[in-house]
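Q: Please give me a close look at one part of this structure, residue by residue. I'd like a connected walk through the acidic side chains and their surroundings, with the cut-offs spelled out as you go.

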Amino acid sequence: MARKIEIDVDECLACESCVQLCPEVFEMDDSEGKARVIKDVNDEEVDKVQDAIDTCPTECIAWAE
Ligand code: SF4
């Protein structure tokens, strides 16, 4: 089942780590200079997205409730 993920963009440093780890779900919003979520996370992507959560330097990525 697809899960939702959120970024607190106020805390995003635009390090691009999440985009490198899971480009299927994250991309850089060049106009904002922040990362953004482009789709819900499917079962095959959960581990990669969890890596992105664990790697984000400001801990601003989280699973949505
Ligand atoms: S890993 Fe975190 S700080 Fe880095 S671009 Fe992604 S959301 Fe922003």
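**Acidic residues and their surroundings**

A: Let's start with D29, which belongs to strand 2, residues 26–29 (strands are DSSP E runs of at least two residues, helices H or I runs of at least four, both numbered from the N terminus). Keep in mind that this is a predicted model, where local features need pLDDT of at least 70 and side-chain atom pairs pLDDT 80 or more, while totals for chains, interfaces and linings use all residues. Numbering runs from 1 along each chain as its sequence is written, and side-chain values use heavy atoms, without hydrogens and water.

D29 counts as buried because its relative accessible area is just 14% (buried is under 20%, exposed over 50%, partly exposed in between, with a 1.4 Å probe and protein chains only). As for company, if you skip the neighbours within four places in sequence, D29 is in contact with K34 and R36 (contact: heavy atoms within 4.5 Å).

D43 is another story. You'll find D43 in the loop that runs between strand 3 (34–37) and helix 2 (46–55). With a relative accessible area of 51%, D43 is exposed, whereas D29 is buried. D43 also brings you back to the start of the chain: a polar atom of the D43 side chain sits 3.2 Å from the backbone nitrogen of M1. Look at R3 while you're there: the C-alpha atoms of R3 and D43 are 8.2 Å apart in space, although the two residues are 40 apart in sequence.

Next up is E24, in the loop between helix 1 and strand 2. Its relative accessible area is 34%, so E24 is partly exposed. Setting aside neighbours within four places in sequence, E24 touches I38, K39, E45 and K48. K48 deserves a second glance, since its side chain and that of E24 are joined by a polar contact of 2.7 Å (N or O atoms within 3.5 Å, in protein one able to donate a hydrogen and the other to accept it; residues adjacent in sequence count only through side-chain atoms).

Now follow E24 across to I38. C-alpha to C-alpha, E24 and I38 are 7.8 Å apart, with their positions 14 residues apart in sequence. I38 lies in the loop between strand 3 and helix 2, and D43 sits in that loop too. At 41% relative accessibility, I38 counts as partly exposed. Outside the four-place window, I38 is in contact with P23, E24, V25, F26 and E27. From I38 to C18 the C-alpha separation is 12 Å, for residues 20 apart along the chain.

C18 leads to the ligand, being one of the residues around it (a heavy atom within 4 Å). The others are C12, L13, A14, C15, E16, S17, A35, C56, C60 and I61. E16 is the acidic one to look at here, in the loop between strand 1 and helix 1. At 38% relative accessibility, E16 counts as partly exposed. Check its backbone as well: phi of E16 is near 75°, positive in a residue other than glycine. A14 does something similar, with phi near 60°, again a positive value in a residue other than glycine. A14 is found in the loop between strand 1 (5–7) and helix 1 (17–21). A14 is partly exposed too, at 28% relative accessibility.
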